[in-house]
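Reader: I would like a close look at a single part of this structure. Please take one pair of packed helices and then set it in its surroundings.

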Amino acid sequence: MTALAEERKTVGRSSSSHAIAELLLRFRELGIVLALVLVVGGTTIDNHRFLSLTNVQQVLSAASIIALLAIGETIVIITRNVDLSIGSVLGISAYATGELYHHHPHVPLALVFLLAVGIGAAFGVVNGVIVTVVRVPSLVVTLGTLYVIRGIDGAWAGGNQVNASMLPNSFNKIGYGTIAGVPYLGIIAIVAVGIATYAMRTFRTARDFYAIGSDPEAARLAGIPVGARVFLAFVLSGAIAGLAGAVWLSYYASVDAIAGVGYEFQVITAVVIGGVAIFGGSGTVLGAALGALLLNTINSALVVVNVSSFWSQAFAGGLLVSAIAFDRLIAVRVAPALRTRRRARV
Amino acid sequence: MSDLGFQPREEAPTTEQPARSRLHVFVRWEILLLAVLGGTIAFGADVSPYFLQSTNLFYICLNVGEVAIMALPLTLIVITGEIDLSVASTLGLTGVLMAELFKHGWPIWPAMLAAVALGVVLGAFNGFLVTRIGLPSLAVTIGTLTLYRGIAQGILPTDTIGGFPTYLTKIGVVPIPGTHLPYSIAFFAVLAIVFAVVLHATPLGRAIFAIGAGQEAAFFAGIRVKRIKFWLFVLSGAMCGLAGVLWSLRFASARYDSGSGLELFVVTIVLLGGVSIFGGRGTIAGVIVAVAVLGCLQTALTADLMPAQDQNIVVGALLVASVIVPNGGDLYRRARVRLRSAAARRHAAAAQAESQ
């Protein structure tokens, strides 16, 4: 922190607006928390029931699923790739979980989650192999697998539906249970985000993701196994989407062929709002999770202030576009400051 | 440069002349595509005795008309190294606007014009964000994909608007008199000729290829990179507006989710047509053949009683295959080089061990 302050002293002379821009860039999480407070505060003044326990629990639970997915998507985007197939992976994993319970009602819980993670990881392997071995853009590959996986899900599920009655109580309880008022889903997401945040800061492999995203060529020259790391990122993203599928089923308690349609866009929106650079190389899992929370809070707030929920998708899209534009403008403001600093150091 | 999701490409470690090998690959690709088309037609004929009848041509063309129209400007955009994923949402939103205006008493022709104009505005918004703010087109158009569809949903949440004049909605039922072709494919035919001439025989077309091959170099060669890209996005918006009008008239109704997911088909056509996702390469002719392949495939699969959901598996796989196959040669070369260098290393190590 002292080093940072010292650095800012040298920069401070050049322009204070640059310093503000840099502050925004560095403390993105703080900005999101501020936005959250504003949204919650404003909506609560309008309607005090917004902060009721049930509503908060609901928002937290729904946000948890997006936050889980956002962890995987963050890792992929940091490596300068994108995974559009997560919504479909979530859907097929949720349906597989439901089917498993339908046919074997007494499966142990751990095995169910293991299966969900395994299914997701398998699709992650497919994405990862195509992206890294054949070296085609992840955008195209995952756009294709988005529809392929959804199609497989549709062919499998047909018009069937797995209902709450087919699911054991212990499983459903994950979806609605709480500890001291905090929903289980929220706890799952917080633990997952905690682990991911620690891992992304500490492990060398995780730092490689950032290096690859900053400059793939430089990363390769520095001896980082770029292909293996990008592959790993996709497998992780798939595995987390698989896990999210089981969690999704426990929350919604019924699943058909269209579970999780369009989630990829919500998740990318959350990730980008959370300050993960769409160009790769920077961003945190915590930011992405907070972005998911903000997005869901806004969705809920819209309903409370009587804006038709049909507009929520438009809001999400608008937020996504503005977040990207905002990041870009900030980056443009910060660039001269960084340049000055480099010169000062030399 | 929007290189999100683009893996770094190693320089192909080969001593062949690049120009010749590229041409070589290219010729093979179009022939491959024609073979695929032949196979699809044979499959269709096998599935249904009506497939090869001339009336079926109408349905094949009708199914792909709008998608084909949207694929033309996207071809140019992909050649410049950008992408537009918002095409289907633009189609949906422009269709909704046309229907809403018509419902509120506008005559149909001005409403149709307004829809195309809205397409221009939506395309210009994409183009502005990409060229003036400097954002990657992938991120921008994923955002506007959600945004435009969301606005359509906000305007027309649950209803379906219909009641357009029957002399216009009959384009979904009746072919152009004296032919077996629907109107949408006639639009496509005319536009395809215009696009082909512009892309392959004008300075503008050469500039588009130059931007895709190396945007920095193109800029220093005096090409207005940003301006061209901006107008390509506007063009894409306008064509999607046209497609939105045709789509709504063909189904005689507009809904907010009209054509959702069509971006899969449009992108598939462009990449199947041999346009390189890395930019700088592609032909309108290839895209036209790809339109034929997809049209025949869709109709054949429907004749085979495959549900639309399952057809997405086929189309999605086709999309992935159409980026894997052109890279297959590259993959083979890399593997060979790696094997050879590994063998050389072993050899050297053995020699060293011997000398010690």
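Author: What follows goes from one helix pair to its chain, then to the chain contact and one residue of the other chain. The model is a predicted one.

Start with the pair. Helix α2 of chain B covers residues 54-79, and helix α7 of chain B covers residues 183-201. Two packed helices are described by the angle between their axes and the distance between the axes. Here the axes come within 9 Å and cross at roughly 20°. Angles under 35 degrees count as roughly parallel, so α2(B) is roughly parallel to α7(B). The crossing of α2(B) past α7(B) is left-handed.

Now the residues. From α2(B), the contact takes C61(B), L62(B), G65(B), E66(B), A68(B), I69(B), L72(B) and L76(B). From α7(B) come S184(B), I185(B), F187(B), F188(B), L191(B), A192(B), F195(B) and L199(B). Sorted by class, this contact has 13 nonpolar residues, two polar and one charged.

Step back to the chain that holds the pair. Chain B has 13 helices and two strands. Its radius of gyration is 23 Å. The globule rule gives 21 Å for 356 residues, and the two values are close, so chain B is as compact as a globular protein of that length. Along its principal axes, the C-alpha trace of chain B spans about 95 × 55 × 40 Å. Of the 356 residues in chain B, 49% count as buried. Look also at contacts in chain B with a separation of 6 or more: residues 24 or more positions apart account for 80% of them.

Next, the chain contact. On chain B, 42 residues are in contact with 46 residues of chain A. Three helices of chain B each supply at least two residues to the side that touches chain A: α5 (137-155), α11 (262-272) and α13 (308-355). By class, that side of chain B divides into 26 nonpolar, 13 polar and three charged residues.

Last, one residue of chain A. I190(A) lies in helix α9 of chain A, residues 184-202. Around I190(A), 15 other C-beta atoms lie within 10 Å. A buried residue needs 20 or more, and an exposed one has 12 or fewer, so I190(A) is partly exposed. In sequence, I190(A) is 38 residues from I152(A). In space, the two are 32 Å apart, C-alpha to C-alpha.

How values were computed: Residues are numbered from 1 along each chain as its sequence is written. Chains are lettered from A and ligands numbered from 1 in the order in which they are written. This is a predicted model: local features need pLDDT of at least 70, side-chain atom pairs count only at pLDDT 80 or more; totals for chains, interfaces and linings use all residues. Two residues are in contact if their C-beta atoms, placed from the backbone, lie within 7 Å. Helices (H or I, at least four residues) and strands (E, at least two) are DSSP runs, numbered from the N terminus. Ala, Val, Leu, Ile, Met, Phe, Trp, Tyr, Cys and Pro count as nonpolar, Asp, Glu, Lys and Arg as charged, and the others, Gly among them, as polar. Axes are lines fitted to C-alpha atoms, for helices over the stretch in contact, and angles run from 0 to 180 degrees between N-to-C directions. Angles under 35 degrees count as roughly parallel, over 145 as roughly antiparallel, 65 to 115 as roughly perpendicular and the rest as oblique. A crossing is left-handed if the near helix is turned anticlockwise from the far one by less than a right angle, and right-handed if clockwise. The radius of gyration is taken over C-alpha atoms; the globule rule is 2.2 Å times the number of residues to the power 0.38.
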